[in-house]
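Me: I am new to protein structures and would like to practise reading one. Could you go through it with me, one question at a time?

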Amino acid sequence: MQAFLIVQPGGDGSLALHPMKAWLRQHPDHIPPDTPVDTTNSRTIARALIRIGWQPVQTEDEFRLFPPDVPTTSRPEGGVDVEGTAAGDPLAFELEAQLRDFLAHNLHTIRLNGRSLRLYVDQAQREGVEYPTATGPIDILAVDQNGGLVVFELKRAASPDSAIGQLTRYMGWVQASIAQGQPVHGVIVAKLITDRLKYAVQVIPNVSLFEYQIQFDLKPVT
């Protein structure tokens, strides 16, 4: 599971790392609006901070958040900007949440291995959007027409290598906790799928890769 960390500069130019929720409790003026720290999961808080100008850098193990006035010059080895190589692309979703919500509302248009999909709904009537697990929230948890579970990991821009680690952890939890013998498939959706990720999934069964495209047209009204 990723550690969510606030990065703060020291007087000597060094950077100190603080657990995100603990730091926000000590600095309540930095808590994003309508995002209570004690009842909101870490990934949602991080997304709220990004919306108000914080800069993210992540690896498989860490999700670092830099205040708007602190440059992201000190990043962990292998770290990548969460925005990825497609940042600034006008035909990319601005936030992963936008991609998530769009897919969740249009699952009926998607076919995986020829099977239609719908949102998973558990016995407590929780829908499979940001579905909570012991390893973090699943972006989208779906079920196919044969009862198989489908775990979606979404990247609004490029797909960092950490995506495969996140996806397989979620798939393992679903298989152990709720699949009840049904097959579990994984899907990574991104604006750009990197060659490194393509190589990685060649040795992982039941994982599919998709790149999304946005098309915008204007039609004259007569």
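Below, short questions are followed by short answers.

Reply: Happy to help! This is a predicted model, in which local features need pLDDT of at least 70, side-chain atom pairs count only at pLDDT 80 or more, and totals for chains, interfaces and linings use all residues. Residues are numbered from 1 along each chain as its sequence is written, and side-chain values use heavy atoms, with hydrogens and water left out.

Me: What is the mean pLDDT of the protein chain?
Reply: pLDDT is the predictor's confidence in each residue, from 0 to 100. Over residues 77–94 it is below 50, while 82% of the chain's residues reach 70 or more. The mean pLDDT is 82.

Me: Why is strand S4 largely enclosed by the rest of the structure?
Reply: Strands here are DSSP runs (E, at least two residues) and helices are too (H or I, at least four), numbered from the N terminus. Buried means under 20% relative accessible area, exposed over 50%, and partly exposed in between, with a 1.4 Å probe and protein chains only. S4 covers residues 62–66, and it is largely enclosed because the number of its 5 residues that are buried is 4.

Me: Which residue in S4 is the bridge partner of Pro 56?
Reply: Two strands pair if DSSP finds at least two bridges between them. S4 pairs with strand S1 (residues 3–9) in the parallel sense over 4 bridges, and there Ala 3 stands opposite Glu 62. With strand S3 (residues 55–58), S4 runs antiparallel, again joined by 4 bridges. The partner of Pro 56 is Leu 65.

Me: How many residues of helix H2 are buried?
Reply: H2 spans residues 42–51, 10 residues that are mostly covered. Among the buried ones are Arg 43, Ile 45 and Leu 49. The count of buried residues is 7.

Me: At the start of H2, which residue has its backbone nitrogen within 3.2 Å of a side-chain oxygen of Asn 41?
Reply: Look at the beginning of the helix, where the side chain of Asn 41 reaches towards the backbone. At the other side, just after H2, Gly 53 takes a positive phi of about 110°. The residue whose nitrogen Asn 41 reaches is Arg 43.

Me: Which element gives the largest share of the largest nonpolar core?
Reply: A nonpolar core is a set of buried Ala, Val, Leu, Ile, Met, Phe, Trp, Tyr and Cys residues joined through side-chain atoms within 4.5 Å. The largest one has 22 residues, and Leu 141, Val 151 and Val 174 have the most contacts inside it. Strands S9 (138–144), S10 (149–158) and S11 (184–192) and helices H4 (162–177) and H5 (195–201) each supply at least two of its residues. The largest share, 7 residues, comes from H4.

Me: In S9, which residue is the bridge partner of Arg 118?
Reply: S9 is mostly covered, with 7 of its 7 residues buried. Strand S8 (residues 129–131) runs antiparallel to S9 over 2 bridges, and 3 bridges join S9 to strand S7 (residues 115–119), also antiparallel. The partner of Arg 118 is Val 143.

Me: Which residue in S12 stands opposite Gly 186?
Reply: S11 and strand S12 (residues 207–211) pair in the parallel sense over 5 bridges. Across these strands, the partner of Gly 186 is Val 207.

Notes: Polar contact = N/O pair within 3.5 Å; in protein donor to acceptor, adjacent residues only side chain to side chain. Contact = heavy atoms within 4.5 Å.
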